[in-house]
Amino acid sequence: MSAFTSARERALWLWALATVLVIYSTLGVARVVVEYLRGHNLLRVGVAAALLGAATVIAVRLVRRQPGRRELAVAFAFALIYVVAVVRLERAEERLHLL
């Protein structure tokens, strides 16, 4: 008896496992990169640029979909909550986790 109900489910679980392995395999390198960026006063700028880039991609995709007023209201509410959460975090590394 298989642990998976379908081939698609098996593939999705394998992708999830691969994603977790990639994340854990980069932990050692991530500390070196963060320390380098912090040492050159680029960590906050880098995190801000990454967050701004992600927000731009989301905004462009949202506009291309031509959402209705309710969808725009919900998107605006989520964006506001997200901004409040990002602003309240003190360290740049914590902000990067919200990306």
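This passage walks through the core, the long-range contacts and the loop residues of a predicted model.

Helix H3 is a handy place to start. It runs over residues 43–65, and its geometry checks out: with 23 residues at 1.5 Å a residue, H3 should span 33 Å, and the C-alpha atoms at its ends are indeed 33 Å apart, so the two values agree. Leu43, Val47 and Leu51 of H3 are buried. The buried residues of this helix pack against three others, namely H2, H4 and H5.

That packing leads on to the nonpolar core. The largest one in the model is made up of six residues, Val34, Leu43, Val47, Leu51, Val86 and Ala92. H3 supplies three of them, the largest share of this core. As for the other helices, H2 covers residues 27–39, H4 covers 69–88, and H5 covers 92–97.

Two residues give a closer look at how H5 fits in. Once neighbours within four places in sequence are set aside, Val47 is in contact with Ala92, Arg95 and Leu96. Val47 itself is one of the buried residues of H3, and Ala92 belongs to the same six-residue core as Val47. The second residue, Glu93, sits in H5. Glu93 has a relative accessible area of 12%, and because the cut-off for buried is under 20%, Glu93 counts as buried. With neighbours within four places again left out, the contacts of Glu93 are Arg31, Val34, Arg38 and Leu43. Among these, Val34 and Leu43 are members of the core, so the buried Glu93 touches two residues listed there.

The backbone has a couple of spots worth flagging, one on either side of H3. Asn41 is found in the loop between H2 and H3. Its phi is near 55°, a positive value in a residue that is not glycine. Asn41 is also exposed, given its relative accessible area of 67%. At the other end, H3 is followed by Gln66, where phi is again positive and near 55°. Gln66 lies in the loop that links H3 with H4, and it too is a residue other than glycine. Its relative accessibility is 68%, so Gln66 counts as exposed.

Key: Residues numbered from 1 in each chain as written. Predicted model: local features only at pLDDT ≥ 70, side-chain atom pairs only at ≥ 80, totals over all residues. Heavy atoms only, no water. Core = buried A, V, L, I, M, F, W, Y, C linked by side-chain atoms within 4.5 Å. Buried < 20%, exposed > 50% of the residue type's maximum accessible area, 1.4 Å probe, protein only. Helix = DSSP H or I, 4+ residues; strand = E, 2+ residues; numbered from the N terminus. Contact = heavy atoms within 4.5 Å. Expected span 1.5 Å × (residues − 1).
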